[in-house]
Amino acid sequence: MIQVDALDLFTIGIGPSSSHTVGPMRAACEFASSLQEAKLLSPMAGIRITLYGSLGATGAGHGTTNAIVAGLGGQQPESCSPSQVVVSWQNALDAKCIFVLGHRVAFAATDLVLKPMIRLPKHSNGMTFEALDSLGATILSQTYYSVGGGFIEKHIGDADLDSATIAAQANIDAKKAAAVPFGFSSSTELVELCQLTNQTIAQVAWQNSVARYGQERAAEHIDAVWAAMADCVEAGLSATGVLPGYLNVSRRARAIREQLELQQREGAISAEQSGEWLQAYAIAVNEENAAGMRVVTAPTNGAAGIIPAVGYFALKFKGVTPERLAREYLMTAGAIGQLYKSNASISGAEAGCQGEVGSACSMAAAGLAAVLGGTVRQVENAAEIAMEHNLGLTCDPVGGFVQMPCIERNAIAAGTAVAATRLALLGDGNHKISLDTVIETMRQTGLDMSSKYKETSLGGLAVNVVEC
Ligand code: SF4
């Protein structure tokens, strides 16, 4: 039975990457808490951090170094100040020290070791923290895996590689394990459950979330998530400048917005610009993400623009209210995300971009079909169509930055999500290929995919674009 909740697929955090920024920050914070609980902060004089696999390959471009320094200081993705986090690494190097929950520890760039060619057994995003005493001996060591979507897992021991998901993810606590009223483990079961109980997918997901987190907390969370998504779209549409990193990528969401507004003033019909606005919304969010600003992980940061963009499109062009976007659109999308997280992967490092952008595209298509009045079968069909045409999509971020192809890719995937919904709503819900089949196909394709195309920047566009 699926353990992750629909609400867990949406967390308010920071850019640019859920697996390379949000997850490492949570892991670093958890390690710092372990040191404090074991009363090992005062004997601690140094630290060594080793990043393996994809984290070692693209961590710098994905903000991993900043995230780790901030996390060791006790900062969490949902409450940190993004503008402080982006200078954390450089500040530590300049000061030659970091603060682990307020305890000063000597620090130099060489205390971070990158091992991109070594993949730890459990996952390609591995990291080991070692606290050192004044003689350089290890007093506490712990390995974590950042498994996508900001989720982290803890390595339990050499003999036991099955790790326990730890409570660093906001909202994961003892209630998580509580029995839910409508358990399901596949889309087939989910559809049958809805038909049997005469409920929508959103209603099923909502009741499960309420059972886990309580009505008040669940409502607060999902309303805050939609509000943060809308804020992020608006912030991105207003921002200007160049994104961080040596690629010198200019932000363009604002320029697109101004161009569309000019066209309107010159007589263009707003409804006929809906496709362009949809893409502008996605680009706005992904530029905020690439800049390390406040975004909602949905279900990852690399794919953070798709679900907000399609929701904002429904708000602006389909008259869907913010309340319905939170309770129906997002809950439906979250339920579909549960299937991807549990039965395949939402991690680019594990499944390529089909796991990130493909999953988000499928979730958004399902959510849009739901708020536009689709039946449960049509909603499942929309989710299936959206993923079917993302299968095989590789992850090859140029320079290791979540910018090219990521930003435009979100815009295109938002369009795919809307197209998938339209196609599904023109049918009666009957179709040959089930959502379960495409999820399993995505999982198998991810396993077959060369590691060059799994968030290592060793293949694809990453090696064919001249960096200047
Ligand atoms: S290419 Fe796709 S999976 Fe890779 S970093 Fe960009 S958005 Fe994420």
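**Entry 1. Pairing, and the strand β2**

I count two strands as paired if DSSP finds at least two bridges between them. I note at the outset that the model is predicted. With that rule in hand, I looked up strand β2, residues 46–52, and found it joined to β6 by six bridges. The two strands run antiparallel. For a single register point I took Thr50, whose bridge partner in β6 is Thr128.

**Entry 2. The strand β6**

I next asked how many of the seven residues of β6 are buried. The strand covers residues 126–132, and five of the seven are buried, so that I record β6 as mostly covered. Besides β2, to which six bridges join it, β6 pairs with strand β7, residues 138–148. I find seven bridges between β6 and β7, again in the antiparallel sense. I noted two positions of this pairing. Gly126 has Tyr145 of β7 as its bridge partner, and Leu132 stands opposite Thr138 in β7.

**Entry 3. Two hairpins**

I followed the chain from β6 into β7 and looked at the turn. Five residues lie between the strands of this hairpin, and Gly136 takes a positive phi near 90 degrees there. I then went on to strand β8, residues 151–154, which four bridges join to β7. This pair is antiparallel as well. Its register is fixed in my notes by Tyr144, whose bridge partner in β8 is Lys154. β7 and β8 also form a hairpin, with two residues between them. In that turn I found Gly149 with a positive phi of about 70 degrees.

**Entry 4. The chain as a whole**

I turned to the overall form and recorded 18 helices and 10 strands in the chain. Along its principal axes, the C-alpha trace spans about 70 × 55 × 40 Å. I compared the radius of gyration with the rule for a compact globule: for 468 residues the rule gives a value near 23 Å, and the 21 Å of the chain agrees with it. Of the 468 residues, I note that 54% count as buried. I also looked up the contacts between residues at least 6 apart in sequence, and 78% of these join residues at least 24 apart.

**Entry 5. Domains 1 and 2**

The domain assignment gives domain 1 as 15–165 and domain 2 as 178–464. I find 29 Å between the centres of the two domains, taken over C-alpha atoms. Their contact takes 25 residues from domain 1 and 31 residues from domain 2. Which elements give two or more residues to the side of domain 1 that touches domain 2? I list α1 (18–37), α2 (53–58), α4 (82–85) and β7. Of these, α1 gives the most, with four residues. I sorted the residues on this side of domain 1 by type and obtained nine nonpolar, 16 polar and no charged.

**Entry 6. The shell around the ligand**

Lastly, I looked up what surrounds the ligand and found 14 residues. The closest are Gly302, Gly348, Cys353, Cys395 and Cys406. Two helices, α14 (353–371) and α16 (406–426), each supply at least two residues of this shell. α14 gives the most, with three residues. By type, I record eight nonpolar, two polar and four charged residues in the shell around the ligand.

Terms used
Residues are numbered from 1 along each chain as its sequence is written. This is a predicted model: local features need pLDDT of at least 70, side-chain atom pairs count only at pLDDT 80 or more; totals for chains, interfaces and linings use all residues. A residue is buried if 20 or more other C-beta atoms lie within 10 Å of its own, exposed if 12 or fewer, and partly exposed in between; C-beta atoms are placed from the backbone. The radius of gyration is taken over C-alpha atoms; the globule rule is 2.2 Å times the number of residues to the power 0.38. Two residues are in contact if their C-beta atoms, placed from the backbone, lie within 7 Å. A residue is near a molecule or strand if its C-beta atom, placed from the backbone, lies within 6 Å of it. Ala, Val, Leu, Ile, Met, Phe, Trp, Tyr, Cys and Pro count as nonpolar, Asp, Glu, Lys and Arg as charged, and the others, Gly among them, as polar. Domain bounds come from an automatic or database domain assignment.
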